[in-house]
Amino acid sequence: QMRNNEINQEELAQKLFMSQRTLRRKIVDLTGETLNNYIMKIRIDYARQQLKRHPEFTINEVAMCCGFTDQAYFSRIFKQSVGVTPNQYRRNI
């Protein structure tokens with residue numbers, strides 16, 4: 001569901017055969033992060049992989065394949081997480 005910009009936590013919990021509360025608690029226990037922050041971290045890690053593997057993709061295409069519908073928001077979150085913009089990250093690979 002990486003391309004889905006709105007991951008349904010209830011549906012995710014059901015697929016993992018647990019309640020939403022249990023899912024949120026387990027994610028915090030295992031990672032120290034909230035479920036939303038953990039999902040965002042996974043999306044940013046996937047974006048980093050896409051920037052490396054597919055230099056022909058535009059930043060907008062990478063953002064879309066990672067579930068972001070707004071390129072500016074994606075770039076802002078990417079920079080907060082990685083420390084550089086997606087373009088700078090791509091140039092430094």
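Leaving aside neighbours within four places in sequence, which residues is phenylalanine 74 in contact with? In this predicted model, phenylalanine 74 touches Ile44, Ala47, Ile59, Val62, Ala63, Phe68 and Pro86. The legends below start with the whole chain and return to this residue.

**Figure 1. Overall view of a protein with 6 helices and 0 strands.** The predicted model follows the pattern α-α-α-α-α-α when read along the sequence. Its C-alpha trace spans about 40 × 25 × 20 Å along the principal axes. Of the 93 residues, 25% count as buried. The protein exposes about 6300 Å², and carbon and sulfur atoms supply 47% of that area. Among contacts with a separation of 6 or more, 51% are between residues 24 or more positions apart.

**Figure 2. Close-up of helix H3, residues 35–53.** The end C-alpha atoms of H3 are 27 Å apart, which agrees with the 27 Å expected for 19 residues at 1.5 Å a residue. Buried residues in this helix are Leu35, Ile39, Arg43, Ile44, Ala47, Gln50 and Leu51. An α-helix has 3.6 residues a turn, so residues three or four places apart point the same way. The cover over the buried residues of H3 includes helix H1 (9–15), helix H2 (20–31), helix H4 (59–65), helix H5 (71–82) and helix H6 (86–92).

**Figure 3. Close-up of glutamine 9 and glutamate 10 in helix H1.** Glutamine 9 has a relative accessibility of 19% and therefore counts as buried, the limit being under 20%. Not counting residues up to four places away in sequence, glutamine 9 touches Gln20, Leu23, Arg24, Leu35 and Asn36. Glutamate 10, at 43% relative accessibility, counts as partly exposed. Between glutamate 10 and proline 55 there are 35 Å in space, C-alpha to C-alpha, and the two are 45 residues apart in sequence.

**Figure 4. Close-up of the largest nonpolar core, with 13 residues.** Phe74 and Phe78 touch the most other members of this core. At least two residues of the core come from each of H3, H4 and H5. Helix H4 gives the most, with 4 residues. Another core, of 5 residues, lies apart from it, and its members include Ala13, Ile27, Leu35 and Ile39. Phenylalanine 74 has Ile44, Ala47, Ile59, Val62 and Ala63 among its contacts beyond four places in sequence.

**Figure 5. Close-up of the aromatic cluster formed by Phe68, Tyr73, Phe74, Phe78 and Tyr89.** A pair of aromatic rings is described by the distance of the centres and the angle of the planes. The count in this structure comes to 4 aromatic pairs. One of them joins phenylalanine 68 and tyrosine 73, a tilted pair with 6.0 Å centre to centre and 50 degrees between the planes. Phenylalanine 68 counts as buried at 5% relative accessibility, whereas tyrosine 73 counts as partly exposed at 33%. Phenylalanine 78 and tyrosine 89 form an edge-to-face pair because their planes stand at 75 degrees, over the limit of 60, with ring centres 5.6 Å apart. This pair ties together parts that are 11 residues apart in sequence, because phenylalanine 78 lies in helix H5 and tyrosine 89 in helix H6. Both rings belong to buried residues: phenylalanine 78 has 0% relative accessibility, and tyrosine 89 has a relative accessible area of 10%.

**Figure 6. Close-up of cysteine 65 and cysteine 66.** Why do the sulfurs of cysteine 65 and cysteine 66 not form a bond? The sulfur of cysteine 65 has its closest cysteine sulfur in cysteine 66, 4.0 Å away, which is too far for a bond; a disulfide requires the sulfur atoms to be within 2.5 Å. Seen from cysteine 66, the closest cysteine sulfur is that of cysteine 65. A disulfide is a covalent bond between the sulfur atoms of two cysteines. A search of the whole structure finds 0 disulfides. Cysteine 65 counts as buried at 4% relative accessibility, and cysteine 66 is buried with a relative accessible area of 0%.

Terms used. Residues are numbered from 1 along each chain as its sequence is written. This is a predicted model: local features need pLDDT of at least 70, side-chain atom pairs count only at pLDDT 80 or more; totals for chains, interfaces and linings use all residues. Side-chain values use heavy atoms; hydrogens and water are left out. The expected span of a helix is 1.5 Å times one less than its number of residues. Buried means under 20% relative accessible area, exposed over 50%, partly exposed in between (1.4 Å probe, protein chains only). Contact means heavy atoms within 4.5 Å. Rings of Phe, Tyr and Trp (its six-membered ring) pair if their centres lie within 6.5 Å; planes under 30 degrees apart count as stacked, over 60 as edge-to-face and the rest as tilted. A nonpolar core is a set of buried Ala, Val, Leu, Ile, Met, Phe, Trp, Tyr and Cys residues joined through side-chain atoms within 4.5 Å. Accessible areas come from the Shrake-Rupley method with a 1.4 Å probe; for residues, only the protein chains shown count as cover.
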